[in-house]
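The following exercises concern salt bridges, side-chain contacts and solvent accessibility. Please inspect the structure before reading each worked solution.

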Amino acid sequence: MGQFSISANTFMGYFGFSPSSKEVFREYRHAGYAQFLRAPARNLITLPDDLSFELATRLGYLGTAYSALKKLELTPGQSLLVLGASGTLGIGATLAAVAMGVTDIIVAARDGTALERLRQLAPKRIRTLQITSTDLHSSIREMATCGVDAVVDTLGAKAPAELSVSAMNAVTSGGKIVQIGGVSGPIPIDPHPFMCTQLQYIGSLWFTTAEAQELMALIRTGLLDTNQWAPRPYTLDQLNEALEDIKTDASGFLNYYIVHS
């Protein structure tokens, strides 16, 4: 699976976004499905001895969500909207938010069953919002009259950009929006509301080595619930089968990973 960022916008074993990515991959050639992966020491973290292999495969998504939440700098009493909460990133963001002590979390998704499962993680701190239309603004305002203090947008490429825009309009003055999902198409932003209400729109990609170590501490102490994912192991020979299964059943509560037979 993918390893931690080796340089700006480059994922070891995955892909890269920056001009330097090709140079990085020439130096570190082994991909994420190889039995061994060479990486520089500065990009490695210490894993607890009791960390299972299947849980370790979740660290990419968990780390991405954790890094996004840190950028929000939420304090007790502030509200957070997790947009697209039933997906892999959204579930990771919800679990991380609970572990980090966020006291008011609204999880928004289309899957009502998944939302209820998330609410049960912390019933006094998590509220659910089932998405039935692109008019999220009105629904969010009914739950939080003054708006939410922050949004972590985990919507994927299949989601309409209108959902992201509508959620932005429900953020209160001085609030922040962090993008880690990447909906299809451009997201139009009117600069005047952002200026007048001093909103911040932040892009967040992957996570730092230091953030990964912090995440390990949350897992090691039991603050972050790691028992939510149902394992779906495949051998390397079953790789194509695994990819097809992900297409047909992409529940964020399923953990697909490759094991060596």
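**Exercise 1: A pair within one helix**

Helix α10 spans residues 239-248 and holds both Glu-244 and Lys-247, three residues apart, about one turn of the helix. The model is a predicted one.

Task: Determine which residue forms a salt bridge with Glu-244, and classify the accessibility of Glu-244.

Solution. Step 1: the partner of Glu-244 is Lys-247, with the closest N and O atoms 3.5 Å apart. Step 2: Glu-244 has 44% relative accessibility and therefore counts as partly exposed. Step 3: Lys-247, at 61%, counts as exposed, because the exposed class begins over 50%.

**Exercise 2: A pair across the chain**

Task: State where Glu-73 and Lys-176 lie, and decide whether each is buried or exposed.

Solution. Step 1: Glu-73 and Lys-176 form a salt bridge, their closest N and O atoms being 2.7 Å apart. Step 2: the pair links distant parts of the chain, since Glu-73 is in the loop between α3 and β3 (79-83) and Lys-176 is in strand β7 (residues 171-179), 103 residues apart. Step 3: Glu-73 counts as exposed at 57% relative accessibility, whereas Lys-176 counts as buried at 12%.

**Exercise 3: A threonine in a loop**

Task: Identify the backbone oxygen that the side chain of Thr-57 reaches.

Solution. Step 1: Thr-57 is located in the loop between α2 (53-56) and α3 (59-72). Step 2: its side chain reaches the backbone oxygen of Glu-54 at 2.5 Å. Step 3: with 12% relative accessibility, Thr-57 counts as buried, because the buried class lies under 20%.

Methods. Residues numbered from 1 in each chain as written. Predicted model: local features only at pLDDT ≥ 70, side-chain atom pairs only at ≥ 80, totals over all residues. Heavy atoms only, no water. Helix = DSSP H or I, 4+ residues; strand = E, 2+ residues; numbered from the N terminus. Buried < 20%, exposed > 50% of the residue type's maximum accessible area, 1.4 Å probe, protein only. Polar contact = N/O pair within 3.5 Å; in protein donor to acceptor, adjacent residues only side chain to side chain. Salt bridge = Lys/Arg side-chain N within 4 Å of Asp/Glu carboxyl O.
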